[in-house]
Amino acid sequence: MRIVAKYDFNGGKAAVQTKYAAEFLQIEAAINAIDSTLYKIKESTEKTMMGKMLFSPTEINKAFKRELAKSGWTNHKVNCDYVHGEYLPGYTPAKASHVKPFRDMDFVKPNVKLGIEVQFGKYAFMVYNVCAKMTIFSKMGLIDTGIEIVPVKNFADEMSTGVSYFEQFAWDLEHRGTSNIDIPVLIIGIDA
């Protein structure tokens with residue numbers, strides 16, 4: 001795979017270049033090391049492309065995990081405590097079950113405040129990653145800058161319908177603007 005597009009959200013490009021240049025080289029090497037042809041293994045059952053071979057986002061995510069692990073990048077989970085807010089009489093808040101709720105950042109590194117998210121899903125997940133999750137992890141002191149890796153349109157067109165893409169995401173972020181709580185994020189568009 002290769003990087004074919006970048007979008008600078010709230011100074012993300014400069015933050016990555018000045019504070020995380022070495023880490024960016026690791027990320028770029030990981031992207032370049034992934035042979036996308038190995039992951040065009042999903043046979044479509046969708047009406048509009050029945051039988052067509054598509055890229056498997058699940059398998060590509062596993063490839064990212066393997067490649068970034070070589071440089072010490074790992075997933076980071078934070079357990080959630082949902083005992084917040086005011087509850088009205090007659091309502092009982094949900095009790096914790098045996099499954100503990102959590103939020104996670106796809107990739108972080110010890111003593112490096114750069115968070116990476118790889119997203120081959122629906123558009124809402126891209127927006128959530130940059131406009132909510134990265135802000136939450138920043139507020140917790142775990143990151144101060146983010147990188148969001150997403151497919152460009154050509155690549156997304158070779159996946160199941162509904163996978164969002166760089167061009168749409170960058171347009172929306174540009175027209176949304178930034179808020180005082182947004183952190184610097186570099187959006188990277190990749191292609192097979």
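Trainee: Why does Thr 135 count as buried in this predicted model?

Mentor: The relative accessibility of Thr 135 is 13%. Buried means under 20% relative accessible area, so Thr 135 meets the criterion. The residue is placed in helix α4. Leaving aside residues up to four places away in sequence, Thr 135 touches Val 130, Ile 181 and Asp 182.

Trainee: Why is Met 140 called partly exposed?

Mentor: Its relative accessible area is 46%. Buried residues fall under 20% and exposed ones over 50%, with partly exposed in between, so Met 140 belongs to the intermediate class. Met 140 lies in the loop between α4 (123–139) and β7 (145–151).

Trainee: What makes Met 140 part of a nonpolar patch on the surface?

Mentor: Patch members need over 30% relative accessible area and no salt bridge, and nonpolar side chains are joined within 5 Å. The 46% of Met 140 is above that area threshold. Met 140 forms the patch with Ile 136 and Leu 142, and together they have about 240 Å² of accessible area.

Trainee: How do you know that β5 and β6 pair?

Mentor: Pairing requires at least two bridges; two bridges join β5 (residues 102–109) to β6 (residues 112–118), so the requirement is met. These strands run antiparallel, and Phe 107 stands opposite Ile 116 in β6.

Trainee: What makes β1 and β4 edge strands of the sheet?

Mentor: The open sheet has six strands in the order β1-β8-β7-β6-β5-β4, with mixed pairing. β1 (2–9) and β4 (74–79) each have a single partner strand, so one side of each lacks a neighbour in the sheet. From one strand to the next, the twist averages 30 degrees.

Note on methods:
Residues numbered from 1 in each chain as written. Predicted model: local features only at pLDDT ≥ 70, side-chain atom pairs only at ≥ 80, totals over all residues. Heavy atoms only, no water. Patch = residues over 30% accessible without salt bridge, like charges linked within 9 Å, V, L, I, M, F, W, Y side chains within 5 Å. Areas by Shrake-Rupley, 256 points an atom, 1.4 Å probe, with all protein chains shown as cover. Salt bridge = Lys/Arg side-chain N within 4 Å of Asp/Glu carboxyl O. Helix = DSSP H or I, 4+ residues; strand = E, 2+ residues; numbered from the N terminus. Buried < 20%, exposed > 50% of the residue type's maximum accessible area, 1.4 Å probe, protein only. Axes fitted to C-alpha atoms, helices over the stretch in contact; angles between N-to-C directions. Contact = heavy atoms within 4.5 Å.
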